[in-house]
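Trainee: I have a model open and want to learn the labels. Can we go through them together?

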Amino acid sequence: MSRRQAGFTLLEVVVAVAVVGAGFAAGLAAMSASLRLLRSTSEYEQAMLLGRSAMVEALNYPDYEVVADREREVYEGIEYAYRIEFRPVRLVSDDEARVAPPAVALQQISVDVLWGEDRARNYRLVTYRLIPSAAGAQTRVRSSAAPAESVTSSRASGAASERTSDQDARTAP
C-alpha cells in the first residue's frame, strides 16, 4: 500500500516563485515607465505655461521692447529657455505696396520654449496680429524669453496654435 504525501513538490514551488517574481518585475517596470511619463508631462506643462505667459506679454504690449533680459527660467529643477520672434507677413506684393501702401500690416509672433538635454525638446506657440503698417516692417527677436487684434494660427496638424517636437528645435521661416 502506498501512502500519498500531502503538499507541493520542489518543482511546483520553484515554478510558483518564478511566476510571482516575473509579475513583480513587470509591475516595477510599469511603475518606472509611469513615473518617467509623469515627469515628461510635467516638463511639457511647464514649457506650455512659460510659452503662453511670454505670448500674453508680447500681445499686451504693442511696443514690446526686444531685449535679452531673461534668457532662462528654472522650474522644478528643469532649465527652460525661450525665444520670442516678431516677423512681418507680406500681404501685398512690393509693386502693389508702392502704389497704395496698406493701412495695416500683419505680424507673426512666435514663442519657442526649449528644454531638456541639449535643448532637444521644443514647444512652439504662434499667433498673428494686425498693427499699423509702419510698425510691422521689421523682424524683432527676444530671447530668453498690445492690445491688438490677433488671429491664432494653425501651424501644426490640427486646429491648435501649438506645436511640439522632441527631435528638433528649429525655428520655422
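Mentor: We will take the aromatic pairs, then burial.
Mentor: This is a predicted model, where local features need pLDDT of at least 70, side-chain atom pairs count only at pLDDT 80 or more, and totals for chains, interfaces and linings use all residues. Residues are numbered from 1 along each chain as its sequence is written, and side-chain values use heavy atoms, with hydrogens and water left out.

Trainee: How many aromatic pairs are there by this rule?
Mentor: Two. Rings of Phe, Tyr and Trp (its six-membered ring) pair if their centres lie within 6.5 Å; planes under 30 degrees apart are stacked, over 60 edge-to-face, the rest tilted.

Trainee: Why is the pair of Tyr44 and Tyr123 called edge-to-face?
Mentor: The ring centres are 5.7 Å apart and the planes stand at 85°, so the pair is edge-to-face.

Trainee: What makes Tyr123 buried?
Mentor: Buried means under 20% relative accessible area, exposed over 50%, partly exposed in between (1.4 Å probe, protein chains only). Tyr123 has 0%, so Tyr123 counts as buried. Tyr44 has 27%, so Tyr44 is partly exposed.

Trainee: What makes the pair of Tyr80 and Trp115 tilted?
Mentor: The angle between the planes is 45°, and the distance is 5.8 Å centre to centre. That angle falls in the tilted class.

Trainee: How do you know that Trp115 is buried?
Mentor: The relative accessible area of Trp115 is 0%, so Trp115 is buried. Tyr80 is at 1%, so Tyr80 counts as buried.

Trainee: Why is Phe8 called exposed?
Mentor: Phe8 has a relative accessible area of 71%, so Phe8 is exposed.
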